[in-house]
Amino acid sequence: MSIKIKKIAIKGIRGVQKTMELQLSEKSILIYGDNGTGKSSISDSFEWFFNDKVRHLSEDSEIDFKDALRNSNIEDTEVSSVEMIFSEADVNSTKTLNYKKNKLVSDFSNKSDDFNSYLNNTQNENLVLRYQFLTEFIDKTKGEKLKSLSDVIGYAEVNKAKEVLKTAYNSIKTEIKNQNYESQINTQKQIQIEKIGAAIGVEKNLFEKVNEIITPLKLGVAVKSFKDIDAVLNLLKTRVNTIVLDELRFLENCKNTLTNLKGEISLLNSEYEKYYIEFNKIADDVYSIMQIFFAELLKAGRSVIEKKYHLDDTCPLCLQPMSKYKLLKDIQKRLAQIEESLKKKTACDAARQSIINISKERINRLENLRIDSHYNNKAFEPIKKAIDYLIIKISSLEKEANEKFTSGNKISEPKTLKLQDADFAIFTILESKITALQAVMKKDNNAVIYSNISSAKDAFLRIKKFEKERKVFEDQRSSMEIIYNEFVKKLKEGLENFITTFSGTINEYYQFMNPGEQFQELKIVTIGEEDELNGITIEYKYNDNWVSPPQKYFSESHLNCFGLSFFLASVIAFNKENKFLLLDDVISSFDSNHRKKFADLIFEKFSDYQIILMTHENEWYQYVSQLAKRKSWLINEIKWSDTEGTYIEDKPTDLREIIETNIAKGDIDITGNPIRKYLEHTLKVICANLEVKVNFRFNEVNEKRMPDELLNDLKSKINKSSNDLKSKMPIIDRIINSNILGNLLSHDNPFSPKLGDLKAFWADLGEFEKLFYCQESTCKKPMVSMRNYDTVAKKIRCGCDKTKYDWKI
Amino acid sequence: MDNNVKSGKEILEDFFANISNIINVDKVLAESLANLYKQGLLTDTNIKNELQKLREKNVNKN
């Protein structure tokens with residue numbers, strides 16, 4: 001869609017107390033307003049309507065945004081509103097802000113899906129640019145630039161998805177490391193070797209081995225499957241002491257788990273060591289890490305300076321003398337350092353998470369031994385104590401990993417916490433108990449064979465389970481790695497494609513405003529290799545050398561030109577729904593040459609856009625208004641009064657043009673107000689010229705004469721004073737008796753006449769005007785006025801004497 | 001400006017629409033990621049849970 005604005009009506013918002021209407025009829029407009037007249041009420045209304053916030057109000061937490069948005073002179077019972085009439089009627093809407101149960105609430109009149117979809121799509125468009133936000137992109141750090149640009153071009157979601165995929169991919173890698181399948185499989189192979197003399201990985205070989213073992217027992221079973229092995233074990237079980245077997249199974253489980261854990265001593269110790277090193281990097285430089293918490297404060301300070309909330313060359317906080325430019329540079333430097341500190345913190349967080357995950361998994365394995373009924377067997381008390389001790393020791397690694405670096409506490413050195421062989425001294429007791437039970441079983445050959453086959457089978461199945469789990473994990477890891485890499489590739493391609501094109505447009509606009517200068521080939525450049533895109537910087541050629549950052553040689557005007565070029569390139573790139581934009585005092589710090597060039601750029605490159613251009617610079621306004629007139633822009637002035645607040649005075653010439661455009665397009669509903677204003681203005685001028693007397697009224701109420709009152713008083717005056725004009729009375733009567741006039745004066749009904757009636761009324765009004773305005777192009781005082789009264793001929797007349805009527809005084 | 005420049009949303013839509021066609025990627029896993037994206041549920045926790053479910057399903061196969 002290419003939506004333009006037909007009308008904006010603002011009431012009770014910021015400086016606007018009563019209703020202020022901008023009748024645009026899809027035309028561009030140049031608005032002049034002195035400082036303090038409330039120009040920004042229009043941009044605030046825009047921002048609030050489209051984005052539900054006003055940046056310079058919303059960013060200050062001290063300000064109650066909705067309260068600040070309402071005009072301070074209106075009653076609590078009044079409704080503030082912004083009405084937008086667009087070229088697409090389906091999305092017309094009024095946004096209101098009023099008190100409901102002592103709370104300010106806002107609402108849109110249009111609840112349709114079309115409007116919601118339009119509003120949603122508009123969120124990412126660049127519709128309003130204010131001076132204070134011109135250079136904010138340039139002043140950001142490289143990381144913030146990337147984020148900012150990503151947000152603007154809608155890549156924030158892509159970056160978010162990238163981070164999500166990366167986290168998921170890393171979590172699989174970590175999970176594989178945590179499980180340590182290699183070690184677990186080796187432990188099971190060791191059991192097989194111990195029990196049946198070989199590590200077996202193929203079912204057929206296991207069955208052959210079991211057959212070989214049971215042959216002397218002549219059980220009458222040939223093992224060809226695991227079912228057969230279970231049958232053999234059931235047969236043997238009837239011949240053995242199961243209590244001894246159970247105890248042996250428990251002890252062997254303990255031994256296997258502890259053997260496995262002992263094999264992972266170096267994994268646990270090295271992971272803790274890594275964490276210890278990363279933690280101390282932060283602890284040794286806690287100052288820079290603590291700076292991370294100042295990031296928000298520094299950004300707020302930067303914002304205060306950039307938006308010119310603080311104008312003196314002092315620090316806004318301590319008020320010590322300091323150049324704002326230097327202060328801004330210092331803040332930038334500190335924010336860049338904070339980005340580095342964040343990297344350290346991220347590395348520490350990763351090491352911390354790793355030791356937590358690995359510890360938890362090992363504790364879980366030890367906890368599983370506690371579930372066994374033999375765990376509390378008095379005979380195995382030392383084993384219980386050893387397991388409990390290991391759980392406490394590994395838990396202490398996890399506890400240290402949960403230490404906050406901001407606490408100021410040191411974490412334990414690796415040598416004090418590290419697991420060592422001595423922690424597994426229980427192996428001696430375990431072995432002796434196992435040996436003792438095996439000795440008991442040795443007297444019973446069936447029990448030995450039962451134990452060996454059962455253990456070898458369980459070990460085989462565990463190996464297969466671990467191998468399968470590992471393969472599933474590895475397959476997922478591989479898929480996630482490919483997906484992640486492919487995603488990063490697409491993201492980089494998309495971003496680089498965008499940046500190349502975007503840079504070209506920025507450079508084009510910049511060069512347009514700065515022809516023949518030494519700054520060439522401006523572009524934005526990505527920083528980062530492989531899968532990581534760290535940031536964005538701005539480069540340009542200066543005396544054939546690449547320069548970055550732009551602040552190095554750019555003057556304030558150059559920086560602002562870049563900011564404008566960036567914004568305008570964003571408009572071209574991302575504004576898909578709307579074909580309008582509002583530029584609020586954007587040339588304030590431009591030198592005169594750049595100002596003119598900017599105006600030329602707008603008229604040349606954005607001629608198909610509807611521009612709302614506001615300024616308080618009179619000289620520039622005079623220059624632009626010449627261009628604007630040639631391009632049929634509307635031109636107007638914003639004023640301020642005690643009674644109305646910010647208001648705009650409609651010029652009759654503009655009103656006439658708007659009315660005629662609306663009638664030609666059939667836009668009746670938005671024509672009522674302009675035609676009423678036009679009629680009021682015309683009647684006031686005619687009545688003043690003919691000295692038509694009206695009833696006395698006080699002050700501003702005197703200004704509010706309704707057209708019907710003026711028409712009737714004019715008619716009465718003509719009846720008393722002029723036979724010539726009396727003969728023209730049918731024209732006045734047609735206006736008085738027109739149902740259009742009734743409709744115009746009715747506050748209860750919307751303006752909705754038939755197009756034919758409106759056209760006829762407008763033609764009558766034209767004829768009526770002609771009675772009192774000389775049609776000679778050479779007439780220098782075309783209004784028929786008492787000022788030109790011919791006392792000899794007793795006639796009122798225009799300046800050239802061509803239009804005249806008899807007139808009795 | 002070149003209209004072929006893709007917005008962030010277009011990049012995401014294209015990627016997840018074609019994720020199953022990426023060579024050497026498990027199709028079931030790819031489709032489950034695409035489904036999470038379609039439902040607006042693409043978070044690391046949801047992916048982790050989904051991957052765990054798929055692992056359990058695969059380990060318990062046969």
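The paragraphs below lead through a predicted model of two chains, A and B, from its confidence to the contact between them and then to strand pairings within chain A.

Because this is a predicted model, local features are reported only at pLDDT of at least 70 and side-chain atom pairs only at pLDDT 80 or more, whereas totals for chains, interfaces and linings use all residues. Residues are numbered from 1 along each chain as its sequence is written, chains are lettered from A in the order in which they are written, and side-chain values use heavy atoms, with hydrogens and water left out.

The confidence of the predictor in each residue is expressed as pLDDT, on a scale from 0 to 100. Chain A has a mean pLDDT of 86, with 93% of its residues at 70 or more, while chain B averages 88, with 90% of its residues scoring at least 70. Helices (DSSP runs of H or I, at least four residues) and strands (runs of E, at least two) are numbered from the N terminus. Among these elements of chain A, the lowest mean pLDDT, 65, belongs to helix H24 (residues 699-703), and the highest, 95, to strand S4 (residues 80-86). Where pLDDT is low, the predicted coordinates should not be read in detail. In chain B the lowest mean is 89, in helix H1 (residues 8-17), and the highest is 95, in helix H2 (residues 27-38). For the model as a whole, the scores are ipTM 0.96 and pTM 0.57.

The two chains meet through 33 residues from chain A and 32 residues from chain B, where contact means heavy atoms within 4.5 Å. Together they bury about 2,700 Å², of which 77% lies on carbon and sulfur atoms; buried area is the accessible area (1.4 Å probe) that two parts lose on being put together, summed over both. In chain A, the residues that lose the most area to chain B are A:Lys468, A:Gln476 and A:Ile483, which together account for 19% of what that side buries. Helices H6 (156-179), H18 (445-513) and H19 (556-574) of chain A each give two or more residues to the side that touches chain B, and H18(A) gives the most, with 18 residues. That side of chain A divides into 19 nonpolar, nine polar and five charged residues, counting Ala, Val, Leu, Ile, Met, Phe, Trp, Tyr, Cys and Pro as nonpolar, Asp, Glu, Lys and Arg as charged, and the others, Gly among them, as polar.

Across this interface there are zero salt bridges, a salt bridge being a side-chain nitrogen of Lys or Arg within 4 Å of a carboxyl oxygen of Asp or Glu. Over all chains, however, the whole structure holds 54 salt bridges. One within chain A joins the side chains of A:Lys7 and A:Glu83 (3.4 Å, N to O); A:Lys7 lies in strand S1 (residues 5-11) and A:Glu83 in strand S4 of chain A, so the pair ties together parts that are 76 residues apart in sequence.

Strands are taken as paired if DSSP finds at least two bridges between them. In chain A, strands S5 (residues 93-100) and S6 (residues 103-108) run antiparallel and are joined by six bridges, with A:Tyr99 partnered by A:Leu104 in S6(A). Their hairpin has two residues between the strands, and A:Lys101 in this hairpin takes a positive phi near 50°.

Strand S13 (residues 634-641) of chain A takes part in two pairings. With strand S3 (residues 29-32) of chain A, S13(A) pairs in the parallel sense over four bridges, and A:Ile29 stands opposite A:Leu634.
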